[in-house]
Amino acid sequence: MLMVIYHNFRVPTSYDPVQLSMMSWMELGSSIFLLISGVNVSNFIASAAKNPDLDPTRFYFKSSCWLFIMGYSYNFLVGTRLAMDIIQCVAVGTFVTYLLLRHKVSNAFVGFITLLFFVVGIIGFGRTVTLSPVVQDHFLLNQLIGNGTATKEGIASLFPMPWLFKIFGPIPWVGFFTLGIFLDRLRGIWTLFAVFVMIGLAVVGAFLPMLDADDEILLGFRANARYIFQSASLASIWFFLSKAWFRGKTTCNRTVAFWSESSLIVFVFHWIFIVMASTVVSILGVLSRFYFFHDGFRYTRCVLAFSAVALTLGPLEKWRRRLSKNPDFLGHIRISMIVGFILAIFGMITMSRSSANIIIAYGGILLAACSFALSYPSFRARWKSEALRK
């Protein structure tokens, strides 16, 4: 829900103080989502242990690989192309988390791995900034208080490759998966100790300087100390509060549960509705002089897009379940995704030659992305059945 609202103000970025304040809090949504994803892996392993016929390694390897590949339909839809976006991050993060838990490592080791991901992210970030001479020779000050300017050249020179760091690259984002497991395993006095540590990190993060960089870098490279301190600490505090609130409760709010179960449909279709809402609001703004459609563009678009998601999510989920009952459903989906990718790539390569190719490109992108959103739960169920030992 936060994501649907957040993206209305994030694309393109708003510089209105009120909207920036709203975005700073809603930005936590991605951190919380990945943190909970790590806990879900832990819960799945616990349930799989009760089923000796299930081979979880085979299931996670297959589902992660295919999720990684199929997720590029989402990337084309949002414009991140071949970069690591959140779908690829989930694929890599769940498999890495599974490998850690499969070997039954201690919680201290999980905490160490979490710290390692964050530290490497901050060090990698430190190589992308031009710092003032006062602090550039001091490593600690470099990473924590150096008010530097991030440059595209600095990001491009990252070792081993910027692909590991940019947008939702494994570094540092996989660290949020392991952070979720680490926090979930804490008991007794250690939980209270972790709460105080996270409050302290949040306070420290609030005093670290803002990054001076253009919007493209701020969006694509968030592994700076300020962001990690604030997002990790506040997401952890939220996790502890939610865990305390729901302790002993067997169910949560039905609406929240339904949105969670249909999250992939929300992921894909909310972007489509944002584009549609942008078009509608722009037309209304031209045709009228009403303040709400001009200065309140993002608010109007947010209301329309969120309403569209809320109203269509139920029918889309029912339609998906009805389609999945067809024995040929997955076969047809494979064909539609392949056709969609071919059309998208062809259209993007040739769109400079003809405006008609732009329609072909976006038509292919929509076909591939919608096919992915509606079919992945069915593919996941099949892979789970194929992972049963015969």
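Why does Cys370 count as buried? In this predicted model, the relative accessibility of Cys370 is 18%, and a residue is called buried when that value is under 20%. Cys370 therefore falls on the buried side of the cut-off. The reasoning for Cys302 runs along similar lines: its relative accessibility is 11%, so Cys302 counts as buried too. On the subject of cysteines, a search of the whole structure turns up zero disulfides.

Cys302 also belongs to a helix, H16, where it is listed among the buried residues. Helix H16 covers residues 297–324, which makes 28 residues. From the first C-alpha to the last, H16 reaches 38 Å, close to the 40 Å expected at 1.5 Å a residue. The helix has a bend of about 40° at Thr312. A proline, Pro315, follows within four residues of that bend. Other buried positions in H16 include Ala305, Val309, Leu313 and Leu316. Charged side chains appear in the buried set as well, among them Arg298, Arg301, Glu317 and Arg320.

Now consider the protein chain as a whole. The chain contains 18 helices and two strands. Of its 390 residues, 46% are buried. What remains open to the outside adds up to about 20500 Å² of exposed area, and carbon and sulfur atoms supply 69% of that area.

The last point concerns which parts of the chain touch each other. Among contacts with a separation of 6 or more, 76% join residues that lie 24 or more positions apart in the protein chain.

Methods:
Residues are numbered from 1 along each chain as its sequence is written. This is a predicted model: local features need pLDDT of at least 70, side-chain atom pairs count only at pLDDT 80 or more; totals for chains, interfaces and linings use all residues. Side-chain values use heavy atoms; hydrogens and water are left out. A disulfide is a pair of cysteine sulfur atoms within 2.5 Å. Buried means under 20% relative accessible area, exposed over 50%, partly exposed in between (1.4 Å probe, protein chains only). The expected span of a helix is 1.5 Å times one less than its number of residues. The bend at a residue is the angle between axes fitted to the seven residues ending there and the seven starting there. Contact means heavy atoms within 4.5 Å. Accessible areas come from the Shrake-Rupley method with a 1.4 Å probe; for residues, only the protein chains shown count as cover.
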